[in-house]
Amino acid sequence: FSSAQPEAALESWQAAFGHYERVGRLERVAAVHRKIGLHWWGQGNREKAVEHWHRGLALLARDPDHVEAALLYHELGRLYFRSGDDQQAIVWTQKALALGQRLNAPEVVSQAFNTLGVSLARRGDLEEGIVQVKQSLHLALQHDMPTAACRAYTNLGMLLSAVDREQALTYCHEGLALAKKIGDLSQQSWLHASVASSFCS
């Protein structure tokens, strides 16, 4: 909806702001900020994305032990990773990981392990990076989170391609089978790219 009709999506989110503010549901207002931030990131406006995520966190400042805060931490970590700022990616992802573990939120924890792993690997700690992403995959499979699992399979394929091509390809093919099962074309594309990377390496 947001990618196909961005203006209509923004209007709906603005209406949601008003409703949740009237009933005092600050965590839902923060969630809307997270979604709008994802919208702006998808449109290529990272500054607006970061602005909305920090506004969401500010709303939760009095009650920071909330899963929505952990989700916002992780989005910031993922954005900084994609921007090439691994230090900031690690800082925000570790916040998401710590809070997600405290709140027993497996999806947040799985995604945080994943982002932390690729950030560490890009900073030169490949071995520890692989360990973290494997933890991400284990949690995703254990809690039946196929999208998170596919992302972990993709990154394991990429990270392992430089040190163990056969293992990298095994993870990629397992991930492709899962991505096809759930009909996730985006993850299939990423996994095919990981296969290609393994052969290039």
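How many nonpolar, polar and charged residues does the lining of the largest pocket have? In this predicted model, the lining divides by class into ten nonpolar, eight polar and seven charged residues. The largest pocket holds about 740 Å³ of space. Its lining comprises 25 residues, and those closest to the pocket centre are Arg78, Arg82, Gln111, Arg151 and Gln187. Four elements each give two or more residues to this lining: helix H4 (67–82), helix H6 (106–122), helix H8 (146–160) and helix H10 (185–200). The largest share comes from H8, with seven residues.

The packing of H4 was examined next. H4 and H6, both among the lining elements, pack at an angle of about 25°. Their axes lie 10 Å apart. An angle under 35 degrees counts as roughly parallel, and H4 and H6 are therefore roughly parallel to each other. Their crossing is left-handed. On the H4 side, the contact is made by Val67, Ala70, Leu71, His74, Gly77, Arg78 and Phe81. H6 contributes Val108, Gln111, Ala112, Thr115, Val118, Ser119 and Arg122. By class, the contact of H4 with H6 has seven nonpolar, five polar and two charged residues. Two of the contact residues, Arg78 of H4 and Gln111 of H6, are also listed among the residues closest to the pocket centre.

H4 also packs against helix H5 (residues 86–102). Here the angle is about 160°, and the axes are 7 Å apart. Angles over 145 degrees count as roughly antiparallel, so H4 and H5 are roughly antiparallel to each other. H4 passes H5 in a left-handed crossing. From H4, the residues in contact are Ala69, Ala70, Tyr73, His74, Leu76, Gly77, Tyr80 and Phe81. They meet Asp86, Gln88, Ala89, Trp92, Thr93, Lys95, Ala96, Leu99 and Gly100 of H5. The contact of H4 with H5 has ten nonpolar, five polar and two charged residues.

A further contact joins H4 to helix H3 (residues 46–59). The two axes come within 9 Å and cross at roughly 155°. H3 is therefore roughly antiparallel to H4. The crossing of H3 and H4 is left-handed. H3 supplies Arg46, Ala49, Val50, Trp53, His54, Gly56 and Leu57. These residues meet Ala69, Leu72, Tyr73, Glu75, Leu76, Leu79, Tyr80 and Arg82 in H4. By class, the contact of H3 with H4 has ten nonpolar, two polar and three charged residues. Arg82 takes part in this contact and is listed among the residues closest to the centre of the largest pocket.

Technical notes. Residues are numbered from 1 along each chain as its sequence is written. This is a predicted model: local features need pLDDT of at least 70, side-chain atom pairs count only at pLDDT 80 or more; totals for chains, interfaces and linings use all residues. Side-chain values use heavy atoms; hydrogens and water are left out. On a 1 Å grid over the protein atoms alone, a cavity is a set of points where a 1.4 Å probe fits but cannot get out, and a pocket is an open set with protein on both sides within 12 Å along at least five of seven lines; lining residues have an atom within 4 Å of a point. Grid points are joined across faces, edges and corners, and a volume is the space filled by probe spheres set on the points. Ala, Val, Leu, Ile, Met, Phe, Trp, Tyr, Cys and Pro count as nonpolar, Asp, Glu, Lys and Arg as charged, and the others, Gly among them, as polar. Axes are lines fitted to C-alpha atoms, for helices over the stretch in contact, and angles run from 0 to 180 degrees between N-to-C directions. Angles under 35 degrees count as roughly parallel, over 145 as roughly antiparallel, 65 to 115 as roughly perpendicular and the rest as oblique. A crossing is left-handed if the near helix is turned anticlockwise from the far one by less than a right angle, and right-handed if clockwise. Contact means heavy atoms within 4.5 Å.
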